[in-house]
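Me: I would like to learn how to read the features of a structure like this one. Could we take them in turn, starting with how far to trust the coordinates?

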Amino acid sequence: MIRTALGRIISCRPAVTRKHGAFHAMIEGGAAYDAVALRTELEGAVETLLTRHPKIGTLVFECTNMPPFSRDISRRFGLPVYDALSLGNWLMRSALPTRIAANE
């Protein structure tokens, strides 16, 4: 689903679907983890998404297999990328006093 910052839904379909891609093969087919293939597929998907919707200003990766690529995607496309690890870090920081969080 693609949702704008104001809550408007652009599409209810997955942004980019690759039924025979590396992610599908790994998750559904039990294929070995191939970081190069996964990164390449994700970069292609983001490129396609941004071509279709050039006003996108932030990416949110809901799949827990995507955080290893968040930094690379952010650098390549110049957009902030948030994922499950971002959420966990925000939650942890909100629960800890500032002086403890700063000592990590």
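Reply: We start with helix α4, and come to confidence just after. The model is predicted, and in it α4 is hardly covered, with a count of 1 buried residue among its 12 residues.

Me: Where in the chain is confidence lowest, and where is it highest?

Reply: The general idea is that predicted coordinates should not be read in detail where pLDDT is low. In this chain the lowest confidence is in strand β2 (residues 9-11), with a mean of 55. The highest is in helix α3 (residues 70-77), with a mean of 95. For the chain, the mean pLDDT is 80, and 75% of the residues reach 70 or more.

Me: How many helices and strands does the chain have, and what pattern do they follow along the sequence?

Reply: There are 5 helices and 4 strands. Read along the sequence, they follow β-β-α-α-β-α-β-α-α. As for cover, buried residues make up 26% of the 104 residues in the chain.

Me: Back to α4. What should its 12 residues span, and what is the distance between its end C-alpha atoms?

Reply: The expected span follows from the rise of 1.5 Å a residue, taken over one less than the number of residues. For helix α4 (residues 84-95) this gives 16 Å, and its end C-alpha atoms lie 17 Å apart, which agrees. At the start of α4, a side-chain oxygen of D83 comes to within 2.9 Å of the backbone nitrogen of L85.

Me: Which residues form the nonpolar patch on the surface?

Reply: The patch consists of V60, Y82, L87 and W90, which together have about 450 Å² of accessible area. One of them, Y82, sits in strand β4 (residues 81-82).

Me: Why does Y82 count as partly exposed?

Reply: The class runs from 20% to 50% relative accessible area. Y82 has 32%, and therefore counts as partly exposed.

Me: Next, charged pairs. How many salt bridges are there?

Reply: Side chains of opposite charge can pair when their charged atoms come close. Here the count is 3 salt bridges. In one of them, the side chains of D72 and R39 meet at 2.8 Å, N to O. This pair links distant parts of the chain, since D72 is in helix α3 and R39 in helix α2 (residues 35-52), 33 residues apart. D72 is partly exposed at 30% relative accessible area, and R39 is partly exposed at 26%.

Me: What is the distance between the closest N and O atoms of E43 and R76?

Reply: They are 3.1 Å apart, and the two residues form a salt bridge. This pair also links distant parts of the chain, with E43 in helix α2 and R76 in helix α3, 33 residues apart.

Me: Are E43 and R76 buried or partly exposed?

Reply: E43 has 17% relative accessibility, so it counts as buried. R76 is partly exposed, with a relative accessible area of 43%.

Me: Which residue of helix α2 pairs with R76 across 29 residues of sequence?

Reply: That is E47, whose side chain meets the side chain of R76 in a salt bridge at 3.4 Å, N to O. E47 lies in helix α2 and R76 in helix α3, so the pair ties together parts that are 29 residues apart in sequence. E47 counts as partly exposed, at 41% relative accessibility. Through shared partners, salt bridges join E43, E47 and R76 into one network.

Me: What about E41, is it buried or exposed?

Reply: E41 is in helix α2. Its relative accessible area is 13%, so E41 is buried.

Me: Which backbone nitrogens does the side chain of E41 approach?

Reply: A polar atom of the E41 side chain lies 2.3 Å from the backbone nitrogen of A22. The side chain of E41 also reaches the backbone nitrogen of F23, at 3.2 Å.

Me: Where does F23 lie, and how does its place in sequence relate to its place in space?

Reply: F23 is part of helix α1 (residues 22-27). With 9% relative accessibility, F23 counts as buried. F23 and L42 are 19 residues apart in sequence, while their C-alpha atoms are 8.7 Å apart in space.

How values were computed. Residues numbered from 1 in each chain as written. Heavy atoms only, no water. pLDDT = per-residue confidence, 0-100. Helix = DSSP H or I, 4+ residues; strand = E, 2+ residues; numbered from the N terminus. Buried < 20%, exposed > 50% of the residue type's maximum accessible area, 1.4 Å probe, protein only. Polar contact = N/O pair within 3.5 Å; in protein donor to acceptor, adjacent residues only side chain to side chain. Patch = residues over 30% accessible without salt bridge, like charges linked within 9 Å, V, L, I, M, F, W, Y side chains within 5 Å. Areas by Shrake-Rupley, 256 points an atom, 1.4 Å probe, with all protein chains shown as cover. Salt bridge = Lys/Arg side-chain N within 4 Å of Asp/Glu carboxyl O.
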